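User: I would like to learn how to read strands and sheets in a model. Please give the general idea each time, then the case at hand.

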Amino acid sequence: MPSAPFPAPRAAAAASGPTVAIDIGGTKIAGALVHPDGTMSASTRRPTPRGADADGVMAAVAEVVADLSESPLWASAVRCGIGSAGPVDTSRGTVSPVNIGAWREFPVQERVVAELAARGADLPTVLAGDGVAMTAAEHWLGAARGHANALCMVVSTGVGGGLILNSRLHPGPTGNAGHIGHISVAFDGEPCACGGHGCVESIASGTAIARWALDQGWTPSGTAEGDAGVNAAGGAGGGRDATAAGVAAAAAEGDPIALAAFDRAGRALAAAIAATATLVETDIAVIGGGVAAAGDTLFGPIRSHLAAYATLSFAKDIQVVPAMLGTHAGLIGAAAAATMLLPSAPSSS
């Protein structure tokens, strides 16, 4: 978290009260009151229920809202932002998170609005996918701050992202604009879970990096070191193991197959970044998520390959930098997305 206050995101509401922020993921459901200077209070979280039905998962969200409502600042809240794992459909307020099996086209926005109202907070509410929320956060307080046109990406279990165009968050009609993970960068590539072929996600996600290395004969050794070792669905860190964490550790030790796995992922990401820069003239790509924790093991190949793809004068100078906000991005992003997308004055939800 930045130590100094920053102005609220562009299009901030005239009212200066806090934003109720809710971050929904496969492992945790978190909440906080996010203030106009980017600071947070009343932070709370619950584990995402395993084996529960749709209402059981929603009950955890309701507990988070209940916790927030106990804050003395609750009555001064002016809006609510919900960031959720996807797929999302913000035009309908529904989510179908890959890692929350009980929710398929679940009307999370409507249900959260009802929980807010039940606790005396009739607030305008916005739903954003986690990639879009991360983008809003990084543009407000992170690595994309000051850039009018930016691509922000999350490289983890999957590969997601979002766009800032003309200093405005651009989520698209259903909230999925900038979903770079499903740009095809290998027309004859392997099938992707989405139904396409050769998608960035099928090459550059943590899962894909580990799978490819193992298929090429890489042999892991040792075990991950607790939470520091991100599994195949995540990124880098920890010890040697049969996951992207292990591949990253092996690459840092010079293992040729591990290095090739990250070079392949970096090339796929570079091609997609260049395509995006060419299409909408972004000047910076911010990359977060577990895989980005590999540092130069990932960023080196991206920057090296980018020169071969971003060749036009208006795209060749695009910067590629790591995200800054880390675990704070979900809640800050939910608040920033609500602030950027809602009208300047509170209205009925």
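User: Which residues of β1 point one way and which the other way, and are they buried or exposed?

Analyst: This is a predicted model. In general, side chains of a regular strand alternate between the two faces of the sheet. Here, Thr19, Ala21 and Asp23 point one way from β1, while Val20, Ile22 and Ile24 point the other way. Both sets are buried, where buried means under 20% relative accessible area. β1 covers residues 19–24, and six of its six residues are buried.

User: Which way does β2 run relative to β1, parallel or antiparallel?

Analyst: The general idea is that strands of a sheet pair through backbone hydrogen bonds, in either a parallel or an antiparallel sense. β2 (residues 28–34) pairs with β1 in the antiparallel sense over six bridges. The link between β1 and β2 is a hairpin through three residues. To check the register, start at Thr19, whose bridge partner in β2 is Val34.

User: How many bridges join β1 to β4, and which way do they run?

Analyst: β1 and β4 (residues 79–84) run parallel and are joined by six bridges. Two pairs let you trace this. Thr19 has Arg79 as its bridge partner in β4, and Ile24 has Ser84.

User: Are the two faces of β4 covered or open?

Analyst: Again, the side chains of a regular strand alternate between the faces. In β4, Arg79, Gly81 and Gly83 lie on one side and Cys80, Ile82 and Ser84 on the other, and all are buried. That agrees with the count for β4, where six of its six residues are buried.

User: Which strand does β4 join through five bridges?

Analyst: That strand is β7 (residues 125–129), and β4 and β7 run parallel. One position to look at is Ile82, which stands opposite Leu127 in β7.

User: What is the strand order in the open sheet, and which are the edge strands?

Analyst: The open sheet has five strands in the order β10-β9-β8-β11-β12, with mixed pairing. Its edge strands are β10 (168–169) and β12 (319–322), each of which pairs on one side only. β10 pairs with β9 (residues 159–165) in the antiparallel sense over two bridges. Within that pairing, Ile164 has Leu169 of β10 as its bridge partner.

User: Which helix packs on this sheet, and which strands does it touch?

Analyst: Helix α3 (residues 130–141) packs on the sheet and touches β8 (150–155), β9, β10 and β11 (284–288). The direction of α3 makes about 45° with that of β9.

How values were computed: Residues are numbered from 1 along each chain as its sequence is written. This is a predicted model: local features need pLDDT of at least 70, side-chain atom pairs count only at pLDDT 80 or more; totals for chains, interfaces and linings use all residues. Side-chain values use heavy atoms; hydrogens and water are left out. Buried means under 20% relative accessible area, exposed over 50%, partly exposed in between (1.4 Å probe, protein chains only). Helices (H or I, at least four residues) and strands (E, at least two) are DSSP runs, numbered from the N terminus. Two strands pair if DSSP finds at least two bridges between them. Contact means heavy atoms within 4.5 Å. Axes are lines fitted to C-alpha atoms, for helices over the stretch in contact, and angles run from 0 to 180 degrees between N-to-C directions.
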